[in-house]
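Please examine the sequence and the three-dimensional structure shown below. The explanation after it proceeds from one element to the next.

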Amino acid sequence: MINCLLVEDQTLLRLGLANLLNLEQSINVSSQASDGVEALQKLSEAHFDIVLLDMRMPNLDGLGVLEAMKQRGDNTPVLIITTFEDCDVLVKAINLGAKGYVLKNIELEEFINAINTVISGQLVLQDAVTHYLLNQQNSPSYHLTVKELSVLRCMSLGMANKAIARYLDNSEGTIRNHVSQIIAKLAVQDRTQAVIKAIQNQLV
């Protein structure tokens, strides 16, 4: 049984979603929170297998929850429930430790699959939102090429070289070369530092 904490400020949506998820025998929405402050309180009181987290909430938003969890050393997997309007914060959320995101209009079966995917240790990236993120305009700093910026965005979303190669229709060797060039141009030591520097300089 997957024990879930559902965090959503819209009462009807939260209750409806909880009821639907509880129809699945393998899932139990054992606790709910209407904002980030309440969510952190619930996390301090009980153990959960996964947090289903809204981004825009009163008192403390989704990013605030992720930041607080990181500071606490709370490694509970987090799956973000989002809308297209939240795409500008998704990269930051992923880099704060979120394990992926789904749109609020997702089909129930897909949502359940996403929960199971996160529980299994994998990242959930919906194609529609990923495509949106990868096509955003970014500042052409550090003399990065268009392709290198695309690879960098993929890196910031936690994608491995194989997945980036498949998404950008390149060979894995080509992507490895791009990653090496990105690390060199950003004057960092590894992929993680490259992503952090990219966020700091608003490249992603």
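The following paragraphs treat the sheet, the helices packed on it, the later helices, two loop residues and the cysteines.

The model under discussion is predicted. Its sheet is open and consists of six strands in the order E2-E1-E3-E4-E5-E6, with parallel pairing. Strand E2, residues 27-33, and strand E6, residues 124-125, occupy the edges; each has a single partner strand, so one side of each is left without a neighbour in the sheet. In general, the strands of a sheet pair through backbone hydrogen bonds, in either a parallel or an antiparallel arrangement.

Within this order, strand E3 (residues 50-54) merits a closer look. On one side, E3 pairs with E1 in the parallel sense over four bridges, and Leu6 stands opposite Leu52 of E3. E3 is also joined to E4 by four bridges, again with the two strands running parallel. Here Leu52 has Leu79 in E4 as its bridge partner. Leu52 is thus named in a pairing with Leu6 and in another with Leu79.

How many of the residues of E3 are buried? Five of its five residues are buried, and the strand is accordingly described as mostly covered. The side chains divide between two directions: Ile50, Leu52 and Asp54 point one way, whereas Val51 and Leu53 point the other way. Burial applies to both groups, the charged residue Asp54 included.

Towards the E6 edge, strand E5 (residues 100-103) pairs with E6 in the parallel sense over two bridges. Gly100 has Val124 as its bridge partner in E6.

Helices lie across the sheet. Helix H1 crosses E1 (2-7), E2, E3 and E4 (78-82), and runs at about 160° to E2. Helix H2, residues 36-45, lies across E1, E2 and E3, and its angle to E2 is about 125°.

H1, which spans residues 11-21, also packs against helix H5 (residues 108-119), at an angle of about 75° and with the axes 11 Å apart. That angle makes H1 roughly perpendicular to H5. Which residues of H1 meet H5? They are Leu17, Leu20 and Leu21, and their counterparts in H5 are Leu108, Phe111, Ile112 and Ile115. By class, this contact has seven nonpolar residues, no polar residues and no charged residues.

A second helix pair is found further along the chain. Helix H7, residues 146-156, packs with H9 at an angle of about 90°, and their axes are 10 Å apart. H7 is therefore roughly perpendicular to H9. From H7, the residues Lys147, Glu148, Val151, Leu152 and Met155 meet Ile175, His178, Val179, Gln181, Ile182 and Lys185 in H9. The classes represented in the contact of H7 with H9 are six nonpolar, two polar and three charged residues. The contact of H1 with H5, by comparison, has no polar and no charged residues.

Ile182 illustrates the H9 side of this contact. Ile182 lies in helix H9 and is buried, because its relative accessible area is 0%. Not counting residues up to four places away in sequence, Ile182 touches Leu144, Glu148, Val151, Leu152, Met155 and Ala194. Its C-alpha atom is separated by 9.6 Å from that of His143, which is 39 residues apart from Ile182 along the chain.

Two loop residues deserve attention for their backbone torsions. Asp169 has a positive phi, near 60°, in a residue other than glycine. Asp169 sits in the loop between helix H8 (161-168) and helix H9 (172-185). Is Asp169 buried or exposed? With a relative accessible area of 69%, Asp169 is exposed. Ala187 likewise is not a glycine, yet has a positive phi of about 55°. The position of Ala187 is in the loop between H9 and helix H10 (191-200). Ala187 counts as exposed because its relative accessible area is 62%.

The cysteines remain to be considered. A disulfide is a covalent bond between the sulfur atoms of two cysteines. A search of the whole structure finds zero disulfides. Cys4 counts as buried because its relative accessibility is 0%. Cys154 is buried too, with a relative accessible area of 0%.

Key:
Residues numbered from 1 in each chain as written. Predicted model: local features only at pLDDT ≥ 70, side-chain atom pairs only at ≥ 80, totals over all residues. Heavy atoms only, no water. Axes fitted to C-alpha atoms, helices over the stretch in contact; angles between N-to-C directions. Parallel < 35°, antiparallel > 145°, perpendicular 65-115°, else oblique. Contact = heavy atoms within 4.5 Å. Disulfide = S-S within 2.5 Å. Buried < 20%, exposed > 50% of the residue type's maximum accessible area, 1.4 Å probe, protein only. Pairing = 2+ DSSP bridges.
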